[in-house]
Amino acid sequence: MTNFDSELLRKISMDPKVNRREFLRTTIAAGLTMSAATSLWSGSVAASTPQRGGTLVQAMEGSSATSSLDPITYTNTYDANMGYQYAQRLLGNDPATGDYTFELATAIDSTDGGTTWVLKLREGVTFHNGKTMTSADVVYSLNRHRGEDSKSGAAGSLTAITEIKASGKYEITIVLDSVNADLPFIITDYHLLIQPEGSTDDGMGTGGYVMKEYRPGEVTLFERNPNYWGDGCYFEAVENLAINDATARTTSLMTGKSHLITRVDPKTAGLMKKNPKIEVENTSGRAHYVFLMQTQMAPFDNYDLRMAMKLAIDREEIVKTVLRGYGSVGNDIPINAAYPYFDSGIEQRKYDPEEAAFHYKKSGHSGNVEFHVSNAAFSGAEDAAVLYQQQAARAGITIDVKREPADGYWDNVWMKKPFCASYWSGRPTQDQMYSVAYKGDAAWNDTQFQNDKFDSLLLSARGELDGAKRKAIYSEMGMILRDQGGLICPMFNDFIDARASNLAGYIRDPLGAVSNGFAPMRCWFEA
Amino acid sequence: MNIATLIAQRVALGILSLFLVSILIFVGTEILPGDVATAILGRSATPDAVANIRRDLGLDDPAIFRYFHWLASFVQGDLGVSLSNGQDIAQSVGRRLQNTLFLAGTAAIASIPLAVFLGMVAVHYKDGFVDKFISMTTLAAISLPEFFVGYMLILFFSMTLGWFDPIVSLNDSMSFLERLYAIILPVMTLTLVVLAHMMRMTRAAILNVMTSSYIETAELKGLSGGVVIFLHAFPNAISPIINVVVLNMAYLVVGVVVVEVIFVYPGMGQFMVDHVAKRDVPVVQACGLIFGGIYIFFNLTADIISIISNPRLRHPR
C-alpha cells in the first residue's frame, strides 16, 4: 500500500456514486489486497460519520389496500422492505460478496455433510413486546411457512425440509430429505421473519424499528427500537409510503416529500440525474425479463423452432431501447455474474437472422408465431415485443403480437399460452433459481422444461462442496438450458432507485431494490 | 296526493332500485374472470395453495345461497371480512369512505357556490365579454383530462411555487385546517373538472326563466339586474340546477379514481380498484352497494328538492 495514492483513494471512497463493490474493484485493480480494501472502505464510511436522527420517508410501489401484515402473504418490494424494518431472519445476505451473513443466528453448521443443519441462535435478543427470543419462537416462525396447507410464498423452497426442531434453548436443528449445501441461502428468504410464538399479522419482531401504524395501501409508520441489539438504524422514525404511480413517486422525491423511491421509469431517469438534489441509483442484480416458450406445447415442442426464436432476437437493441441502457443482455439462462459459481465462459448468444432462418426452415413451422404480452409482465414488455417482431421479420419469421389485458394476466396467460412474456426477480443461489423454475417437477416451471440430465446434475450439485466442481456442474446445466430450453432471456434489468443527495450510506444491493430493503438500517442524513 | 306520500313513494322506489343494484353487483362479480384464490396468490399460485384457499373461503357453495347470505348480513351492517387480508370490511371501508366524503364534500362546498355565482354573473353580462370569458375558461378546464389538470397544478403550485404538497398524507393527529391544507390541490382539480357543467346549467336555467313576463315586471318596477336574477329568477330555476349539482356530487364521490392516483389520496376509488384486481369479492360488493346507495340517495334528494321548490307539486289541485 506504500506506493498507493491514499489521498486519491480517500476521494474515491467519499464519492457518493462509488459503492462498495465498485470501490473494491477499483482498489483491488490498483494492487490492494481484498482485506486491505475492505477495511479502507469501512474506514471511509466511518469518516463520513453516520448521524442519528430525522425521519426517513420511502415511497415504494407494491402495497395495495388488499395487503396484509402477515409475512406469509408478502409478495413485493414494499412488503419485504417493511418486513426487514420490524423483524429479522436467521441469516441475511452480504451485498458485496453475495455470501450469507448472521442476523438472529450466530453460527450454522452441518454435522453430516449437508443433510442435518444446526443453528446457534443469538442470545439476549428481545421482541418489541419485551419477550426474549428463544428456539421455540424460531421453530414456530419457520414452520408457519411449511406443510401442504401452507399459503406462504416461501413454501416451495422449503419442501426439502423434513423437520425443524428445537435442540436447545438457543439452538435449532433442521433436517433435509437429501443433501443440500445451499440450505443457509434458502433460509435467507424474505418471508422467513422470526416472530414470537403465536404472532401472525401483528407486526411484532426483533427489528431495529417498532411498528406504530399500518394502513395497507397507504402508509406504514415506524419508530426506532431503543432496545435494538444490532448496528445501524440511524433514523428516529421511518415512513413507508405506498405509491404505485411512478409519476407520483417522482414528484414526491422532487418536492422533498420523500427521500428514497423505487422503480424509476428508465425514460425519466436521465432527466432526474440532472437535478443536483437527486441521485439515481441503478443496481445490476439478478432480476431478469423473460420470453417463455412452453417446450411441451405445440408449436414449441420443436427444437429448431425454439432455436430460431432465440437467434431472431437482437438483445443489444432491446436493452438499449426498452431499458434505455439500464440493464445488460441475457444469454437464455436465468443466471448472470451476480450469482456465485457463474461461468463467464458460456458463449453469448447473438442476433443472427440467417442462422435463425435456417432453423426456422428446418422446423417446418408455417404461419404466424403468436406472442402474448402485456405490460403487466414488465414495464416496456409491449415495446419489447414489437421490436422483437421487427427483428424476427428479418429472419423471415412473422410474430403476431397479441396484447393481453394486465388484469388477469397471471391467471389466463402466464403458464397457459405457448409463448408469453414474464419476469423473475432472481434468487440468492443458482440452485434455488433452477429449482424454482427449471427442474422438471418445479411448481413454477413456466417453460415446462423437462430434461433428466439437467435434473440429476442439479441434485448432484447440491451435495458437491468443492467449489470448482460445483461451478463446472452449473456451467454444464447452463449450456443444456441455453440450447435445449424454452427460455429466451433478452435482458437482466437494473433496479433503478432514486434518493435525495443528503441521504448517505446507500449501498447498491444486487439482491433487491432500495438497497434490498435495508436503507432504513444502512443510511443516515448528512448535515 | 300530498307531499309526504310523494316522498314516501320516491323512497320506496329508491329502495327497490338498490335491491336491483345488489343483484347486478352480485352477478357482475360472479362473472369476473379468474377467482379470488388465484388472484390472492397471483404469480405464486400452486394448485395446492389455490385449493386450500378456495376451501377456507367457502367459494365452493352455490351462488344463490351466497347471494342471500350476503344480502342478509349486509342489511344487518355485517360486511364480513376481506378475503385478501382478513381485515374487517366495515372498518376499512369506513375510513376510506370518510376520506372520500371529506374530499368530495370540500370540493362540493368550493365548486357549487362558485358555479352558481359564475352562472348568475354570466347571465347578468349575457353575451358580453365577461360571459364569454367565464364560459371559455370553464369549458377549457372541463375539456382537459383530470390527470392533465392535476399535473399542471402540481407543476405550478408544488414544483415551481412550493406552496402545496403534491401528495396527500392524512393522519389522525392532523387538525381540520391541516387536513384542508393537505387536500387543496385535489380539491382545485375536482373543482375545475365539475365547474363548467354546473355553471352552464345555471346560466341556461336562469336565462330560460328570464324570458317570463314576471321578470319583465320586476325590471319595469326598477329593480336592479342583480336583485332580479338572484331573488326573482334563481328560485324558479333551482330545479334543473339541483339536478346537475347532484349529478356532479355523485360523480365526486364515485368517480375520482384518477385524481386519487395522482395525489396518492387514500379514498374509495383506489380502494375498490385494488380489491377488484385481487378479486376480493366481498369488498367489491360492499363498495358497489355503497356507491349505488349514494347515487340513489343523491337522485332521491334531487327529486325531493324539486318537489319542494315547485309550488305546483306542493299544492296539487
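Tutor: A cavity is a set of points, on a 1 Å grid over the protein atoms alone, where a 1.4 Å probe fits but cannot get out, and its lining residues have an atom within 4 Å of a point. This is a predicted model, in which local features need pLDDT of at least 70 and side-chain atom pairs count only at pLDDT 80 or more, while totals for chains, interfaces and linings use all residues. Residues are numbered from 1 along each chain as its sequence is written, chains are lettered from A and ligands numbered from 1 in the order in which they are written, and side-chain values use heavy atoms, with hydrogens and water left out.

Student: How many cavities of 30 Å³ or more does the structure hold, and what is the volume of the largest?

Tutor: There are three such cavities, and the largest has a volume of about 40 Å³, a volume being the space filled by probe spheres set on the points, which are joined across faces, edges and corners. Among the residues lining the largest cavity are A:I333, A:D343, A:Y434 and A:G478. The elements that give two or more residues to this lining are α14 (430-437) and α16 (467-484) of chain A, and α16(A) has the largest share, with three residues.

Student: Why is A:S366 called exposed or buried?

Tutor: A:S366 has 61% relative accessibility and is therefore called exposed, given that exposed means over 50% relative accessible area, buried under 20% and partly exposed in between (1.4 Å probe, protein chains only). A:S366 lies in the loop between α11 (353-363) and β15 (369-373) of chain A, helices (H or I, at least four residues) and strands (E, at least two) being DSSP runs numbered from the N terminus.

Student: How do you know that β13(A) pairs with β17(A)?

Tutor: Two strands pair if DSSP finds at least two bridges between them, and six bridges join β13 (residues 288-293) to β17 (residues 419-424), which run antiparallel, with A:M293 standing opposite A:F419. β13(A) also pairs in the antiparallel sense with β18 (residues 487-493) of chain A, over four bridges, where A:F291 has A:I488 as its bridge partner.

Student: What makes β13(A) mostly covered?

Tutor: Six of its six residues are buried, with A:H288, A:V290 and A:L292 on one side of β13(A) and A:Y289, A:F291 and A:M293 on the other. In a regular strand the side chains alternate between the two faces of the sheet.

Note on methods:
On a 1 Å grid over the protein atoms alone, a cavity is a set of points where a 1.4 Å probe fits but cannot get out, and a pocket is an open set with protein on both sides within 12 Å along at least five of seven lines; lining residues have an atom within 4 Å of a point.
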